[in-house]
Amino acid sequence: MSEEPMEVDETKAKWGHVLRLLTRGGPLAHPEFEPSSETLGFMRDTCRILVVGAGGLGCELLKDLALMGFWKLDVIDMDTIDVSNLNRQFLFRRDDVGKSKADVASAFVERRIPGAVVTPHFARIQDFGQNFYSKFHVVVCGLDAIIARRWINGMLISLLRYDPDSRELDPSSIIPLVDGGTEGFKGNARVILPGMTACIDCTIELYPPQVVYPMCTVAHTPRLPEHCIEYAKVLLWPQEKPFGDGKPIDGDDPVHIQWLFDKAQERAKAYNIHGVTYRLTQGVVKNIIPAVASTNAVIAATCANEVFKIATSCCLPLNNYMVFNDAEGIYTYSYEAERKEDCLACSSKPQLLRFHDSVTLQDVVTYLTDSAAYQMRAPGITAMVSGKSKTLYMQSVESIRQATKDNLKKSLKELGIEDGHELVVADATTPKSLIFNVQFVVDME
């Protein structure tokens, strides 16, 4: 007697909730959707999903995706497990402290969900190139850094192919990006089709710049507990050198955080300021926004749902941005973010930098880092001068920084840059160099 009917019955019993969606059409399905139980086999055996980040969102994403039937998963994370992670990153246990998040998370999912294959990558996203990222059908991000989001966004855009004659986009080269983010009781999820819909950089102005406390306030008139912590971090640490000359602050080292906490408390007591805690100290040092497990669960579920819709076409995906807030009740709202015609990442239009004709190289660097439109981290700038490529400034390599730092106080004209010349800018926010056209204006409005 054939065992096939029993196998079919077991599949229906285990995956009946998914098969109901895959074997039925409906008004919300994609126009090209064809109901079939074979789609489940594609999800389990063929579809490759890359999860970027194995923290609060990443743990939820791996669990959700594997339980939905996505059994070919990869996960990238460069961090190790800290005790503070255990209250919400439920794939980890106390014995896992100090181990790779990617390794532990993948092993846990494989143990709990037989059949799932989760490949860990204990590395930075920048350690992989186009050949690696082009293998995946969908990339889903659970990151806590804008820089990493922008880099992944730029990588997927760089994979796009266009017809050499018509310049039409090849749909097969599009790898959808599903991105989720949380801040306390607030969160968002978005679906990005590179080359077709608004990308991360199209809406870069929506991301608030990192909070910077005025140094005059920190040093002389502190009013907030954060001012006291910044005082210990920025002023006392380099002065007192508590753990050796030149020793940088390690935000994951409890000894370092305790020292800063003690010094911040002394400062707060002197100015009658309340609210300095160990947790706040670590948050200020690491620029951490408190995470809430329930928010992570909601946003990860939303992202996993979008991955399912994209991979199966059983329903049209989100178009294309959803915000969530449960600080006071539960509120959600979705809208369509529009592409930016002169987007830094996905537009084919040349980027234009308009400056006064006396602008210095330092002014250019400051503009690229402080401007809401660019928000670069440490731009390195080169240019063609007298027919040769010349590095004007590069901060990321110490030896080159020392050799080029004197250029910062020089004007672009002194460096040989004329109106209409191009500046090539490299930064951690993008995997490729960006080209800017310089335009000098005598009277800036």
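Is Gln375 buried or exposed? I looked this up in a predicted model. Gln375 is buried, with a relative accessible area of 14%, and the cut-off for buried is under 20%.

**Backbone entries**

I went to Gln375 for its backbone. Its phi is positive, about 50 degrees, although the residue is not a glycine. I placed Gln375 in the loop that runs between helix H12 (361-370) and strand E10 (380-385).

I then noted Asn272, another non-glycine residue with a positive phi, here near 55 degrees. Asn272 sits in the loop between helix H9 (254-270) and helix H10 (278-286). I checked its accessibility as well: Asn272 is exposed, because its relative accessible area is 60% and the cut-off for exposed is over 50%.

Next I looked at the peptide bond from Asn319 to Asn320. This bond is cis, and its omega is near -10 degrees. Asn320 belongs to the loop between helix H11 (293-312) and strand E7 (321-325). I wrote these entries down because most residues other than glycine have a negative phi, and most peptide bonds are trans.

**Helix pairs**

How do the axes of H3 and H11 cross? I find that the axes of helix H3 (residues 56-68) and H11 come within 8 Å, with a crossing angle of roughly 45 degrees. H3 and H11 are therefore oblique to each other, since 45 degrees falls outside the ranges for roughly parallel, roughly antiparallel and roughly perpendicular. I recorded the crossing of H3 and H11 as right-handed.

H11 also precedes the loop that holds Asn320.

The second pair I looked up is helix H8 (residues 225-240) with H9. Their axes come within 9 Å and cross at roughly 115 degrees. H8 and H9 are therefore roughly perpendicular to each other, as that class covers 65 to 115 degrees. The crossing of H8 and H9 is right-handed. H9 is also the helix before the loop of Asn272.

**Cavity search**

How many cavities of 30 Å³ or more does a search of the whole structure find? I got one. The volume of the largest cavity is about 70 Å³.

I listed the residues that line the largest cavity: Arg150, Gly154, Asp201, Leu344, Ala345, Thr429, Thr430, Lys432 and Leu434. Sorted by class, this lining has three charged, three polar and three nonpolar residues. I put Arg150, Asp201 and Lys432 under charged. Leu344, Ala345 and Leu434 went under nonpolar, and Gly154, Thr429 and Thr430 under polar.

Key: Residues are numbered from 1 along each chain as its sequence is written. This is a predicted model: local features need pLDDT of at least 70, side-chain atom pairs count only at pLDDT 80 or more; totals for chains, interfaces and linings use all residues. Side-chain values use heavy atoms; hydrogens and water are left out. On a 1 Å grid over the protein atoms alone, a cavity is a set of points where a 1.4 Å probe fits but cannot get out, and a pocket is an open set with protein on both sides within 12 Å along at least five of seven lines; lining residues have an atom within 4 Å of a point. Grid points are joined across faces, edges and corners, and a volume is the space filled by probe spheres set on the points. Helices (H or I, at least four residues) and strands (E, at least two) are DSSP runs, numbered from the N terminus. Buried means under 20% relative accessible area, exposed over 50%, partly exposed in between (1.4 Å probe, protein chains only). Axes are lines fitted to C-alpha atoms, for helices over the stretch in contact, and angles run from 0 to 180 degrees between N-to-C directions. Angles under 35 degrees count as roughly parallel, over 145 as roughly antiparallel, 65 to 115 as roughly perpendicular and the rest as oblique. A crossing is left-handed if the near helix is turned anticlockwise from the far one by less than a right angle, and right-handed if clockwise.
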